[in-house]
Amino acid sequence: MTGRWKGKRVAVLMGGVSREREISLRTGSAISAALRRQGCEVVDIDVGWGAELVGALDRAKPEVALIALHGKFGEDGCVQGLLEMMRIPYTGGGVMASSVGMDKIVCKMVARELGVPCLPEEVFDAERNEPGPFAASLRMEMPVIVKPSREGSTINMTIVREARELSPAIEKAMESDSRVLVEKFVQGRELTVGLINGEALPVLEIAPKSGFYDYASKYTKGMTEYIVPARIGEPLAVELQRLSRRIYREIECEGTARVDFIAPSDDEAYFLEINTIPGMTELSLVPKAAAHVGIGFDEICLRLLDNARLKVNV
C-alpha cells in the first residue's frame, strides 16, 4: 500500500441505523476487503446510535475513518460532525456537503442557482401543509414523482399518474421525511456520472427492465442493464460531466460521489440528485464506470482513503 495513510489503522464505518443499513453493510464489507487486500490494517465498525459509535471508536482507536454509510445519520452530516468533534480524519465530504447532498429540495435549489437544468417541482412541508388540500391545489400536470426530501434508494418514492393518487403518495413519503418533493416526471434515459476526488468518470446509462429504477431494480441481480458509455452524443456527455463536477465542487464534496440525471431527448437532461456516499460494491455504478477507464475497485478504495482529512480547522 502507498499513500499518506500507509501503516495507519483504518476504521470502516458501515451498517448504521437508516433504512439503507443492509446496502451499507454490503458497501462496507466490499471496501474493507479491498483495503485488506492492499495491506491496510482495518477495523470494521457496525455503526449504531451516537454514544455506541463513540464507544466503538474509543475502543478501536483508528487513525482515520472511511465512511461507508448510506442514508440518515451516516450520509447526511451527522457522523461527519461527530468525527470532526473526535478529531478523527474521515473520507468524503464534510458536514455541509453531506447535509446538502442528502436533502433533495435544498440540493435542487443550489443546482438551479448554478445554472444546472432542473425539472419543475413543488414542496410539501408537513409543518405547513396537509396532504389532501396540498394535492387539490397542485398546479403541476400529471405525471409527477413524489420523493421524501431526505431519504435514499428510492425508498417511499412513488410515480403518480392520476391526481387521486397524489395524497396517498405524499403520506407514504412522509414515512421518511416531513418535507416532500413533488417533481414533474418525465420519461427518458436515466444517466449517472460518477466522480472520484473530483474527476468525472464516463456517463453510465441505467436501463431498468421494469421501466423505473426503484429499490428492486437497484438491488436485484438481472433486473437492470448498465451501459457505459451511455448511448448519448458526445456533447451531452461532456456537458453532464461538466455539470457534475460543478455541483460536486460547489457543495464541497470530496472522495466518491454520483450525480444522477434524466434525459428525455438526445440534447437535454435534468439534474435529479447527488449521492455523496454512493454504493461501493464491485457491482455498484461508480466502480462500473471506473472500470471502463481502467480504474479497479481496490484502486478506488485507496484513492478514497488517501483523500481522508478533517475539514474543520481549529
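These are my notebook entries on a sheet, its helices, the cysteines and the nonpolar cores of this structure.

**Entry 1: the sheet**

I am working with a predicted model. I began with an open sheet of three strands. Its order is 2-1-3, and the pairing is parallel. I then looked for the edges. Strand 2 (41-47) and strand 3 (64-67) are the edge strands, and each pairs on one side only. On average, neighbouring strands of this sheet are turned by 30° against each other, direction ignored.

I noted a textbook point here. Strands of a sheet pair through backbone hydrogen bonds, either parallel or antiparallel.

**Entry 2: who pairs with whom**

I went through the pairings of strand 1, which covers residues 9-15. Seven bridges link strand 1 to strand 2 in the parallel sense. I picked out two positions. Leu13 has Ile45 of strand 2 as its bridge partner. Met14 stands opposite Asp46, also in strand 2.

Next I turned to strand 3. How many bridges join strand 1 to strand 3? I found four, and these two strands run parallel. Here Val12 has Leu66 of strand 3 as its bridge partner.

**Entry 3: what covers the sheet**

I checked the helices that pack on this sheet. Helix 2 (residues 50-60) touches strand 1 and strand 2. Its direction makes about 165° with that of strand 2. Helix 3 (residues 78-86) also packs on the sheet, touching strand 1 and strand 3. The direction of helix 3 makes about 180° with that of strand 3.

Why is strand 1 largely enclosed by the rest of the structure? Six of its seven residues are buried, so the surroundings largely close it in.

I then followed the chain onward from strand 1. It crosses through helix 1 (residues 21-37) to strand 2. This β-α-β crossover is right-handed.

**Entry 4: two charged residues**

I looked up Glu20 first. It lies in the loop between strand 1 and helix 1. Is Glu20 buried or exposed? Its relative accessible area is 6%, so Glu20 counts as buried. Leaving out residues up to four places away in sequence, Glu20 touches His70, Gly71, Glu151, Gly152, Ser153 and Ile155.

Arg36 came next, and I found it in helix 1. Its relative accessibility is 42%, so Arg36 counts as partly exposed. Not counting residues up to four places away in sequence, Arg36 touches Val42 and Asp44. I also took a C-alpha to C-alpha distance from Arg36 to Arg249. The two are 213 residues apart in sequence and 30 Å apart in space.

**Entry 5: cysteines**

I searched for disulfides. A disulfide is a covalent bond between the sulfur atoms of two cysteines. With sulfur atoms required to be within 2.5 Å, the count comes to zero.

I wanted to see why Cys40 forms no bond. The closest cysteine sulfur to that of Cys40 is in Cys301, 9.4 Å away, which is too far for a bond. Cys40 is buried, at 10% relative accessibility.

I repeated the check for Cys107. Its sulfur is 7.9 Å from the closest cysteine sulfur, in Cys253, so this pair is too far apart for a bond. Cys107 is buried too, with a relative accessible area of 2%.

**Entry 6: nonpolar cores**

In soluble globular proteins, nonpolar side chains tend to be buried together. I looked for such groups here. The largest nonpolar core has 32 residues. Ile31, Leu35, Leu66 and Leu305 have the most contacts inside it. Elements that each supply at least two of its residues include strand 1, helix 1, strand 3 and strand 10 (204-208). Which helix gives the largest share of this core? That is helix 11, with six residues.

I followed Leu35 further. Leaving aside neighbours within four places in sequence, its contacts include Val10, Val12, Cys40, Val42 and Leu66. Cys301, Leu302 and Leu305 are also among the contacts of Leu35.

Apart from the largest core lies another core, of 28 residues. Val193, Ile232, Tyr248 and Ala263 are among them.

**Entry 7: helix 10**

My last stop was helix 10. Its buried residues include Leu285, Val286, Pro287, Ala289 and Ala290. The buried residues of helix 10 pack against strand 8 (189-196), strand 10, strand 11 (224-227), strand 12 (256-265) and helix 11. Gly294 follows helix 10, and its phi is positive, near 85°.

Terms used. Residues are numbered from 1 along each chain as its sequence is written. This is a predicted model: local features need pLDDT of at least 70, side-chain atom pairs count only at pLDDT 80 or more; totals for chains, interfaces and linings use all residues. Side-chain values use heavy atoms; hydrogens and water are left out. Two strands pair if DSSP finds at least two bridges between them. Axes are lines fitted to C-alpha atoms, for helices over the stretch in contact, and angles run from 0 to 180 degrees between N-to-C directions. Contact means heavy atoms within 4.5 Å. Buried means under 20% relative accessible area, exposed over 50%, partly exposed in between (1.4 Å probe, protein chains only). A crossover is right-handed if, with the strands pointing away from the viewer, the path from the first strand over the helix to the second runs clockwise. A nonpolar core is a set of buried Ala, Val, Leu, Ile, Met, Phe, Trp, Tyr and Cys residues joined through side-chain atoms within 4.5 Å.
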